Amino acid sequence: MILKVNNKKFDFFNDVNVSMRYDAVASSFGFSAFFDAESDEHKRLFKPLTFSKVEIEHNGELIITGRKISNSYRSAAKPTPATISGYSLTGVLEDCTVPVSAYPLQFDGLTLKEIAEKLLAPFDIALVVDSAVTARANEVLDTSDASTTGSVKDYIVQLASQKAIIVTHTKYGALFLTEAKANRKPIADLSDAYEKSISINGQKLHSVVAVLKDADITGGNAGEAELDNPLVTSFRPSVGTQKSGSDNDTELAAKAKRGAELKGIKLTVKLDSWIINDRIIRPNNVISIKDAELYLYSRSNWFIEQVTLTGNEKSQTATLQCVLPEAYTYATPKNPFT
């Protein structure tokens, strides 16, 4: 494993933790190291509030590019490691509001791509648009207003969700507009993984989801879309509103709403390695599972939404958080519990 701080390799560290989440603006990381208070190099590395650039690599692959955000120190009779944590370069978008330099907050007649580029410019963060969503990202939004108090991330995600576009990030620290590759073939069958669990939160699921859009003053039409969720046989309706986009996006918004609810079904798999098929395990891949003790009597596919890598000098562990593929494909869900 290789750790670089401000492009300089740092050798003496331990207890690494990297959490990569697919549908998140940023991934997070942490590690520990002994702080030599007399070392000029350590003073530069451990100095608080420097927001230093951090890169973590393993097995020849870059895992994350981010910034050091938090430090923790302890002085005691027995030397204790200091801890450092941070997140992807894009993590700042979760913490900050739209800067005054980017005002006014009304973005009428612009596309999602144009709005995102305008909001990212003050933070010097790049935008990457997946070719699969280019057309949707370039559709003009009739009217849209950002909040003075909401985060940059919240506003971009709100706009993207109306277009069924996922807002995530690259390992290089760019913001990434994309759609999930949840229809891929499984990268592995993990039925024999040493630890698995599943949780089903029925409270988050509804039998019918609907989205309504009001007509707006710029001439945009009203819209309405309603979709069934065959996994829920008890009558449990839910209605949401569409706050941006046109009536052509209303069905997409309803599919995104149903997909979000499916995340109430979560499969967790733990492995004693970071590697599958000679590659680091990452989100946006698919695995298959069959395990009667999880009420998965038939083999079913699961989308890897989050991967947490933990390791030290003795062991490496990967924890996979998975959801049904339809949470991201927006297709009508298939019941895995048959």
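**Group meeting: a walk through the model**

Okay, let's start at a turn. Strands β11 and β12 make a hairpin, with five residues between the two, and in that turn G173 has a positive phi of about 95 degrees. Before I go on, please keep in mind that this is a predicted model.

So, staying with that hairpin: β11 and β12 run antiparallel to each other, paired over four bridges. If you want a spot to look for, find I166, which stands opposite T178 in β12.

Now, what order do the strands take in the open sheet around here? There are three of them, and the order is β9-β12-β11, with mixed pairing. At the edges you have β9, residues 127-129, and β11, residues 166-169; each has a single partner strand, so one side of each is left without a neighbour in the sheet. From one strand to the next, the twist averages 25 degrees.

You've seen the antiparallel half already. On the other half, β9 pairs with β12, residues 175-178, in the parallel sense, over three bridges. In that pairing V128 has F176 of β12 as its bridge partner, and V129 stands opposite L177, also in β12.

There's a helix on this sheet too. Helix α3, residues 112-120, packs on it and touches β9 and β12; the helix direction makes about 160 degrees with that of β9.

Next, a residue from another helix. R136 sits in helix α4, residues 134-137. Is R136 buried or exposed? It's buried, because its relative accessible area is 17% and the cut-off for buried is under 20%. As for company, leaving aside neighbours within four places in sequence, R136 is in contact with K163, A164, I165, E179 and L252.

Let's move to the nonpolar cores. As a general point, in soluble globular proteins nonpolar side chains tend to be buried together. Here, the largest nonpolar core has 57 residues, and the members touching the most other members are I63, L190, V269, I287, W302, L320 and Y328. Which strand gives the most to this core? That's β22, residues 296-311, with six residues. There's another core lying apart from it, of 26 residues, with L105, I156, A160 and I165 among them. You may remember I165 from a moment ago, as one of the contacts of R136.

Let me zoom in on Y328. Again leaving out neighbours within four places, Y328 is in contact with Y22, D23, I166, A180, A182, K263, F303, E305 and V323. And I166 in that list is the residue we saw opposite T178.

Some of those names come back with N284. You'll find N284 in the loop between β20, residues 279-280, and β21, residues 286-291. N284 is buried, at 14% relative accessible area. Setting aside neighbours within four places in sequence, N284 is in contact with Y22, A180, K181, R184, F303 and I304. One detail to zoom in on: a polar atom of the N284 side chain lies 2.9 Å from the backbone nitrogen of K181. There's also K185, which is 99 residues from N284 in sequence and 11 Å away in space, C-alpha to C-alpha.

Last topic, aromatic rings. How many aromatic pairs are there? The count comes to nine. Take F35 and Y73: their ring centres are 5.8 Å apart, with 55 degrees between the planes, and the pair is tilted. This pair links distant parts of the chain, 38 residues apart: F35 is in the loop between β4 (28-33) and α1 (40-46), while Y73 is in the loop between β6 (61-72) and β7 (82-88). Both rings belong to partly exposed residues, F35 at 35% relative accessible area and Y73 at 40%.

For another pair, look at Y295 and Y297. Why is that pair edge-to-face? The centres are 5.0 Å apart and the planes are at 85 degrees, and the cut-off for edge-to-face is over 60. Y295 is partly exposed, with a relative accessible area of 48%, and Y297 is partly exposed at 45%.

And one cluster to finish on: ring pairs link F10, F35, F46 and Y73 together. That's my tour, thanks!

Note on methods:
Residues numbered from 1 in each chain as written. Predicted model: local features only at pLDDT ≥ 70, side-chain atom pairs only at ≥ 80, totals over all residues. Heavy atoms only, no water. Core = buried A, V, L, I, M, F, W, Y, C linked by side-chain atoms within 4.5 Å. Buried < 20%, exposed > 50% of the residue type's maximum accessible area, 1.4 Å probe, protein only. Contact = heavy atoms within 4.5 Å. Pairing = 2+ DSSP bridges. Axes fitted to C-alpha atoms, helices over the stretch in contact; angles between N-to-C directions. Phe/Tyr/Trp six-rings, centres within 6.5 Å; stacked < 30°, edge-to-face > 60°. Polar contact = N/O pair within 3.5 Å; in protein donor to acceptor, adjacent residues only side chain to side chain.
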